Amino acid sequence: QVQLIESGGGLVQAGGSLRLSCAASGRTFDIFQMGWFRQAAGKEREFVASIRWTGTTTNYADSAKGRFSISRDNAKSTVYLQMNSLKPEDTAVYYCAGRSGRTSGYGYWGQGTQVTVSS
């Protein structure tokens, strides 16, 4: 099993920045890819960004391109999401997720961290 713990959420004004962290523990050797997802109140969870556990491949949702940046520190088993130029519509619970190389979907999830952007 892999355990994921997010941190770094909070309240920020529009135009501000936040950096989310996701610390992985347990069977981290099983991780192929890490992702960030978010779920706003009353809406479905949506993909934000992903990064391979090795290499440099990243992917972003259109809403995140140019404003958000995903990175990782393998020595710390931690993935980050740097969020700049935040907008009120970025308000959501942000979840970190891990995907095994043996599966097609994300099987490991964190508990989520709230991000609130005020106008």
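Trainee: What makes β4 and β5 a pair of strands in their hairpin, and which residue there takes a positive phi?

Mentor: Strands are DSSP runs of E with at least two residues (helices are runs of H or I with at least four), numbered from the N terminus. Two strands pair if DSSP finds at least two bridges between them. Six bridges join β4 (residues 31–39) to β5 (residues 46–52) in the antiparallel sense, so they meet the rule for pairing. Six residues lie between the strands of this hairpin, where Gly42 has a positive phi near 80°. Within the pairing, Arg38 stands opposite Glu46 in β5.

This is a predicted model in which local features need pLDDT of at least 70 and side-chain atom pairs count only at pLDDT 80 or more, whereas totals for chains, interfaces and linings use all residues. Residues are numbered from 1 along each chain as its sequence is written, and side-chain values use heavy atoms, with hydrogens and water left out.

Trainee: How do you know that β5 and β6 pair?

Mentor: The antiparallel pairing of β5 with β6 (residues 58–60) has three bridges, which satisfies the requirement of at least two. Ser50 has Asn59 in β6 as its bridge partner. Five residues separate the strands of this hairpin, and Gly55 in the turn has a positive phi of about 85°.

Trainee: Why is the pair of Phe37 and Phe47 called edge-to-face?

Mentor: A pair of aromatic rings is described by the distance of the centres and the angle of the planes. Rings of Phe, Tyr and Trp (its six-membered ring) pair if their centres lie within 6.5 Å; planes under 30 degrees apart are stacked, those over 60 are edge-to-face, and the rest are tilted. By this rule there are four aromatic pairs. For Phe37 and Phe47 the centres are 5.7 Å apart and the planes stand at 75°, so the pair is edge-to-face. Phe37 is in β4 and Phe47 in β5, 10 residues apart. Together with Tyr106 and Trp109, they form one aromatic cluster.

Trainee: Is Phe37 buried or exposed, and what is Phe47 called?

Mentor: Buried means under 20% relative accessible area and exposed over 50%, with partly exposed in between (1.4 Å probe, protein chains only). Phe37, at 11%, is therefore buried, while Phe47, at 29%, is partly exposed.

Trainee: What makes Arg45 count as lying over the face of Trp109?

Mentor: A charge sits over a ring if NZ of Lys or CZ of Arg is within 6 Å of the ring centre and within 35 degrees of the ring normal. Arg45 lies over the face of Trp109 at 3.8 Å from the ring centre. Arg45 also lies over the face of Tyr95, at 6.0 Å from the ring centre.

Trainee: Why is Asp90 called buried, and which side chain does its own side chain contact?

Mentor: Asp90 has a relative accessibility of 1%, so it counts as buried. Its place is in the loop between β8 and β9. The side chains of Asp90 and Arg38 make a polar contact at 2.9 Å. A polar contact is a pair of N or O atoms within 3.5 Å; within protein, one must be able to donate a hydrogen and the other to accept it, and residues adjacent in sequence count only if both atoms are side-chain atoms.
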